[in-house]
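Here is a brief report on one protein model. It covers a strand pairing, one buried residue, the nonpolar cores and a cavity.

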Amino acid sequence: MTSTTAAHNLLTDNPELYEARFPDPDRLAGRWTQDCLRRHGAGPRVLDLGCGTGRDAAHLHHAGRSVTGADLSEAMLAHARVHHRGPEYVQADLCGFDLGRGVFDAVVCLDSALLYCHTNDQLDAVLSSCRRALAPGGLLIAEMRNGAYFLGRTDLLDTPTVNEFTWQGAAYRSHTTLTVDRTAQLLRRTRVWTADDGSAPVEQRSAWRLLFPQELRHLLAVHGFEVLELHDGPGPRTEPPWREGLLPGETTDADRLHVVAQLNSTH
């Protein structure tokens, strides 16, 4: 590997490639979300924030909910409108949006989307936006990496992991390295893509904010939310994964974090 080129984001710029790399034929994330909504008696109006290709939004729509999918990537939204029809899809910035006041019964934020808000100001902005969008008593459901997992653990860090898959006749390989920026409280990711179609390697860099369970509780409380569930599994990205009938755990030690919080009726 002798050279790399910069790209905005190879996966979000190519939604079909994203779905090939991260297949979810059983709609596990959507089913887990629907289970959370059902168990807590959420109303039908749902905002899927950071909806990506629209798979989870469409699953919730087919489960009988009125769903709006929001994402910053117009490429993702265009794919969703064609391939995962049913929800309304709108472009919105996760780190601060206004889609109306009190117009949703639940806001869903899966796959660490919340952690793309890196600074305290950005986190305050997204939680303020969620509070504005939710009706009193509405739910915020989020699934993300768990900052606490990286306290003293290095098994996911510094050593590249390799994934290979085939898409449209070309073999793709990604080398992904995670490092912790303790000063910024970020988990930084460097991913180098190669393909056997003769194209040059592509290097991408991104990061997630590392939030710790008690820090998350405090942030939610400041913005008027009461935490109903906070646990490390089972969930759609845990091992073993969630399945129907499993109830939330009681620990927050593993590498994923799941939260269900309810907006206080006075807000």
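## Strands, cores and a cavity

Strands S9 (residues 186-195) and S10 (residues 202-209) run antiparallel and are joined by eight bridges. The model is a predicted one. S9 and S10 make a hairpin, with six residues between the two strands. In the turn, Gly-198 has a positive phi of about 90°. Across the pairing, Arg-189 of the hairpin stands opposite Ser-206 in S10.

Arg-189 also touches a residue of another strand. That residue is Thr-176, which lies in strand S8 (residues 170-181). Is Thr-176 buried or exposed? Thr-176 counts as buried because its relative accessibility is 7%, and buried means under 20%. Its side chain makes a polar contact with the side chain of Arg-191, at 2.9 Å. Leaving aside neighbours within four places in sequence, Thr-176 is in contact with Thr-159, Pro-160, Thr-161, Arg-189, Thr-190 and Arg-191.

Next come the nonpolar cores. The largest has 41 residues. Within this core, Leu-49, Val-126, Met-144 and Leu-220 touch the most other members. Several helices and strands each supply at least two residues of this core, and they are tabulated here.

| Element | Residues |
|---|---|
| Strand S2 | 45-49 |
| Strand S5 | 104-109 |
| Helix H6 | 120-133 |
| Strand S6 | 134-145 |
| Helix H7 | 213-222 |
| Strand S11 | 225-231 |
| Strand S12 | 256-263 |

H6 gives the largest share of this core, five residues. Another core lies apart from it, with 22 residues. Its members include Leu-37, Ala-57, Trp-242 and Val-260.

Which residues does Met-144 contact, leaving aside its neighbours within four places in sequence? They are Ser-112, Leu-114, Leu-115, Leu-211, Leu-216, Asp-255, Arg-256, Leu-257 and Val-259.

Last, the cavity. The count comes to one cavity of 30 Å³ or more. About 40 Å³ of space lies in the largest cavity. Its lining consists of Trp-32, Asp-35, Cys-36, Arg-39, His-231, Pro-234, Trp-242, Leu-246, Leu-247 and Pro-248. Helix H3 (residues 28-39) gives the most to this lining, with four residues. Trp-242 is one of the lining residues, and Trp-242 is also among the members of the 22-residue core.

Conventions. Residues numbered from 1 in each chain as written. Predicted model: local features only at pLDDT ≥ 70, side-chain atom pairs only at ≥ 80, totals over all residues. Heavy atoms only, no water. Buried < 20%, exposed > 50% of the residue type's maximum accessible area, 1.4 Å probe, protein only. Polar contact = N/O pair within 3.5 Å; in protein donor to acceptor, adjacent residues only side chain to side chain. Contact = heavy atoms within 4.5 Å. Pairing = 2+ DSSP bridges. Core = buried A, V, L, I, M, F, W, Y, C linked by side-chain atoms within 4.5 Å. 1 Å grid on protein atoms, 1.4 Å probe; cavity = no way out; pocket = protein on both sides within 12 Å on 5 of 7 lines; lining within 4 Å. Points joined across faces, edges and corners; volume = space filled by probe spheres on them.
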